Amino acid sequence: MTATLTAPPVTATSSGATATAAPAVVVRVVPAPGAERVRALAERAGLRSAADEPGSCVTVTVIVAADADQALRAPRPHGPLLFVCDSVAPEARRRILRAGAVVIGAAELAEETLLRAVHRAAHPHPSIPYPELSGVLSTGCRADGPTRREPPALTARQTSVLRLMAEGHGNADIALLLGCSEHTVKNVIYELMTRLQARNRAHAVARAVRQGLV
C-alpha cells in the first residue's frame, strides 16, 4: 500500500537555516524493501500522514531500490521523483539526472537529507549541488584526452572563493568566512568568471571540477 505523507516545503537561507513556504509537498513512498525505513525517517523529520491529498500539493514519488537500474525500471507516475538507492555509481547518477529525478544513497539517508532531497525534487533548481555535480563529472572526462587544456592559474583568494561557491555559500557567507567585504567577493567572482570563461556560478563550478581546481 502506498504511503502518502505531507510536509511544508523547505527553503534554505544564506545561513543554512530552513524556512517554510507554500505550496505544501506530498510524498508518496512506493512499497519496496527498505520503504518502511524511508517512511519512518519522513515521519521523524516532521512529515505528517494525510488522509487525502490536497489538490494544490506537489507530489514527490519516492522509489526505494538496490541501484539506479532497478529504480529506473520501476513503474513511476509523472511528476517529481526521488530515488533512494543502496548504491549510486557516477554513471548511474548521470542517468538519473537525465531522467529528471533526484537521488540519494541509502548510506547518507537521514531526516535532514531526506527532507532536503524531497524539497529539491519538488522545487527543482537550475544549479546542481556541488557533491552531486562532482560525482557526475568525475567520470567520462579523461585527463589525458587530446583536447585537454591547462587549467587557468588561480590565486589563493580565488581558490577559496571558488570552493565556498561550490559548497553553496552566497556572497554574504563567503565574505563572512573569508573576513572580507561582499564587494571584494563580487570582484573575485567576476575574475573567476573571466578566467574560467563561465556564464554563471554553476557553470564556473562545473568547469572548475572538470579542470581539477576544486
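The legends below describe close-up views of a predicted model.

**View 1. The whole chain, for orientation.**
The chain holds 9 helices and 8 strands. Of its 214 residues, 38% are buried. The chain exposes about 11,900 Å². Carbon and sulfur atoms supply 53% of that exposed area. Take the contacts between residues at least 6 apart in sequence: 56% of them join residues at least 24 apart.

**View 2. Strand 4 pairs with strand 6.**
Strand 4 covers residues 25-29. Because 4 of its 5 residues are buried, strand 4 is largely enclosed by the rest of the structure. Its partner here is strand 6, residues 58-65. The two strands run parallel and are joined by 5 bridges. To find the pairing, start at Val-26: its bridge partner in strand 6 is Thr-59.

**View 3. Strand 7 pairs with strand 8.**
Strand 7 spans residues 81-85, and strand 8 spans residues 102-105. They run parallel, with 4 bridges between them. Phe-83 has Val-103 of strand 8 as its bridge partner. Look next at the two faces of strand 8. Val-102 and Ile-104 point one way, while Val-103 and Gly-105 point the other way. All four are buried.

**View 4. Helix 6 and the turn after it.**
Helix 6 runs from residue 156 to residue 166. Its buried residues are Gln-158, Thr-159, Val-161, Leu-162, Leu-164, Met-165 and Ala-166. Just after the helix comes Gly-168, with a positive phi of about 95°. Several of the buried residues return in the views that follow. Leu-162 and Met-165 meet helix 8, and both also meet helix 9.

**View 5. Helix 6 crosses helix 8.**
Helix 8 covers residues 182-196. Its axis and that of helix 6 come within 10 Å and cross at roughly 90°. That crossing makes helix 6 roughly perpendicular to helix 8. The contact residues divide into 7 nonpolar, 2 polar and 3 charged. From helix 6 come Arg-157, Gln-158, Val-161, Leu-162 and Met-165. They meet Thr-184, Val-188, Ile-189, Glu-191, Leu-192, Arg-195 and Leu-196 of helix 8.

**View 6. Leu-192 in the contact between helix 6 and helix 8.**
Leu-192 sits in helix 8. Is Leu-192 buried or exposed? Its relative accessible area is 0%, so Leu-192 is buried. Beyond residues up to four places away in sequence, Leu-192 touches Leu-154, Gln-158, Val-161, Leu-162, Met-165 and Gln-197. One of these, Leu-162, is 30 residues away in sequence. In space, the C-alpha atoms of Leu-192 and Leu-162 are 7.8 Å apart.

**View 7. Gln-158 in helix 6.**
Gln-158 belongs to helix 6. Its relative accessible area is 3%, so this residue is buried. Which residues does Gln-158 touch, not counting residues up to four places away in sequence? They are Ala-153, Val-188, Glu-191, Leu-192 and Arg-195.

**View 8. Gln-197 in the loop after helix 8.**
Gln-197 lies in the loop between helix 8 and helix 9. With a relative accessible area of 57%, Gln-197 is exposed. It is also one of the residues that Leu-192 touches. Check its backbone: phi is positive, about 55°, although Gln-197 is not a glycine. Most residues other than glycine have a negative phi.

**View 9. Helix 6 crosses helix 9.**
Helix 9 covers residues 201-210. The axes of helix 6 and helix 9 come within 10 Å and cross at roughly 110°. The two helices are therefore roughly perpendicular to each other. Helix 6 brings Leu-162, Met-165 and Ala-166 to this contact. Helix 9 brings Arg-201, Ala-204, Val-205 and Ala-208. By class, the contact has 6 nonpolar residues, no polar residues and 1 charged residue.

**View 10. Ala-204 in the contact between helix 6 and helix 9.**
Ala-204 is part of helix 9. Its relative accessible area is 1%, so Ala-204 is buried. Setting aside neighbours within four places in sequence, Ala-204 is in contact with Leu-162, Met-165, Met-193, Leu-196 and Ala-198. Ala-204 and Met-165 are 39 residues apart along the chain. Their C-alpha atoms are separated by 9.1 Å.

Terms used. Residues numbered from 1 in each chain as written. Predicted model: local features only at pLDDT ≥ 70, side-chain atom pairs only at ≥ 80, totals over all residues. Heavy atoms only, no water. Buried < 20%, exposed > 50% of the residue type's maximum accessible area, 1.4 Å probe, protein only. Contact = heavy atoms within 4.5 Å. Areas by Shrake-Rupley, 256 points an atom, 1.4 Å probe, with all protein chains shown as cover. Pairing = 2+ DSSP bridges. Axes fitted to C-alpha atoms, helices over the stretch in contact; angles between N-to-C directions. Parallel < 35°, antiparallel > 145°, perpendicular 65-115°, else oblique. Nonpolar A, V, L, I, M, F, W, Y, C, P; charged D, E, K, R; others polar.
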